Each structure stands twice: as C-alpha cells, then as structure tokens.
Amino acid sequence: MGCVDYQHLSTLLWREQELLDLLLFKAEEKQYLILTGKTRWLARIAHEIEVVLDQLRSLEVERAAATEAIAVGLGIGANPSLRQVAEAAPAPWNDLFAKHHEALLVLVTDLRSLSDTNRGLIEGGLAAIGDALLSVRPVSAGTYGSTGRTDGGSHRAVTLDGAL
C-alpha cells in the first residue's frame, strides 16, 4: 500500500478535526447567544451549524472509503475503527493516526458536553417562559356581561387618542 493512501486519510482526518473545531466554536457562539438573550441570531447560528454538519457528513463518507481501502491493504477486515487502523499501520502513520484518534475523541467529548449544556439552557428558558405565561391572568376589559350590565366595576373603558 502506497503512502498516498495514508496521506489522503491523514488529510481527511485533519479536515475533520478542523470542521469539528469549527462546530465547537459555533456551539459556543450559540451558548453565548442563549445566555445573553440575543435570540434574534439563534436561527442564523442554527443554520451555520447545519452547514458544518453537512460538510462533516460528506467528509465522513470520503473518510470511510479511504479507511476501507487502507484496511483492505492492511488485511484488518471491513469497516475498521481509526484505532484499529492506527494499530495496524506502519510507522510513522501508526503514531499519526493514533494522535488523530485522540484529538477527535477530545473534540467529540467537548462537543457533547457543550451540546448538553446548551440543550439544558434552552429547556430551562422554555420552562421559564411557560411558567411566566401560566402566571399571567387574563384581564377583564370590564365590558358588558350577558345581563346587559357592566362586569366588575373595577375596570373602566378607556379611549386613547392616536395623536398622543
């Protein structure tokens, strides 16, 4: 198996790390927007996150094909993990693939943690909104009731001048 195949996989793994790092940045941006209440931008950041996720999905297909080709050459079977490829690859690729594996694990762990935190913040915000809505009681306008008399004398009709 030639170095070109190993190099191609390594390049794909670097690109994956860059995309995961960008995704982590976008998730931190989302957290900032949630914490500061700048909900105006949440739809935009959600779109940007989806664009990065689409790029990651495409890259994953290409990485799987490159990994499979290397696995066949190494005789380690179909659909190997990156750790299995690292263990079977010759030097210096074994060390490089092991480092890629470690870096990807750290990024994915950080992403999961931040995603869970953001989900909790959003759910907490939604619960607070729901509680606030439940605490609001409809105000009677004090208009005429079914008997033809005004309801509750505590409210009076008010006319506002539009020129104010």
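Is Q17 buried or exposed? Q17 is buried, with a relative accessible area of 12%. Keep in mind as you look around that this is a predicted model.

**Around Q17**

Let's stay with Q17 for a moment. You'll find Q17 in helix α1, which covers residues 3-36. If you skip the neighbours within four places in sequence, Q17 is in contact with H100, A103, L104 and L107. Those partners sit far along the numbering, in helix α4, which spans 93-135. The label "buried" fits Q17 because 12% falls under the 20% cut-off for that word.

**The whole chain**

Now zoom out. What pattern does the chain follow along the sequence? Reading along, you get α-α-α-α, and the count agrees: four helices and zero strands. The chain has 164 residues, and 25% of them count as buried. Its accessible surface comes to about 11300 Å², with 57% of that belonging to carbon and sulfur atoms.

Contacts tell you something about how the chain comes together. Take the contacts with a separation of 6 or more: 59% of them are between residues 24 or more positions apart.

**Two spots in the loops**

Have a look at the loops next. In the one between α2 (42-74) and α3 sits N79. The phi angle of N79 is near 55°, a positive value in a residue that isn't glycine. Is N79 buried or exposed? N79 is exposed, with a relative accessible area of 66%. The word "exposed" applies because that value is over the 50% cut-off.

The other spot is P92, in the loop between α3 (82-88) and α4 (93-135). Here the peptide bond from A91 to P92 is cis, and its omega is near 0°.

**Salt bridges**

How many salt bridges does a search of the whole structure find? It turns up 10 of them. Here are some, with the N to O distance for each pair.

| Pair | Helix | N to O distance |
|---|---|---|
| E29 and K26 | α1 | 3.4 Å |
| R44 and E48 | α2 | 3.7 Å |
| R57 and D54 | α2 | 2.4 Å |

Start with the pair in α1. E29 and K26 are three residues apart, so about one helical turn separates them. E29 is partly exposed at 26% relative accessibility, whereas K26 counts as buried at 13%.

In helix α2, R44 and E48 are four residues apart, about one turn of the helix. R44 is exposed, with a relative accessible area of 52%, while E48 is partly exposed at 24%.

Further along α2 come D54 and R57, three residues apart and again about one turn of the helix. For this pair, both ends are partly exposed: R57 has a relative accessible area of 44% and D54 has 39%.

Which residues do salt bridges with shared partners join into one network? They are K26, E29, R44 and E48. That network takes in residues of helix α1, namely K26 and E29, along with R44 and E48 of helix α2.

**Back to the start**

So you can now place Q17 in the picture. Q17 belongs to α1, the helix that also holds the pair E29 and K26. Like K26, which counts as buried at 13%, Q17 is buried, at 12%.

Key:
Residues numbered from 1 in each chain as written. Predicted model: local features only at pLDDT ≥ 70, side-chain atom pairs only at ≥ 80, totals over all residues. Heavy atoms only, no water. Buried < 20%, exposed > 50% of the residue type's maximum accessible area, 1.4 Å probe, protein only. Contact = heavy atoms within 4.5 Å. Areas by Shrake-Rupley, 256 points an atom, 1.4 Å probe, with all protein chains shown as cover. Salt bridge = Lys/Arg side-chain N within 4 Å of Asp/Glu carboxyl O.
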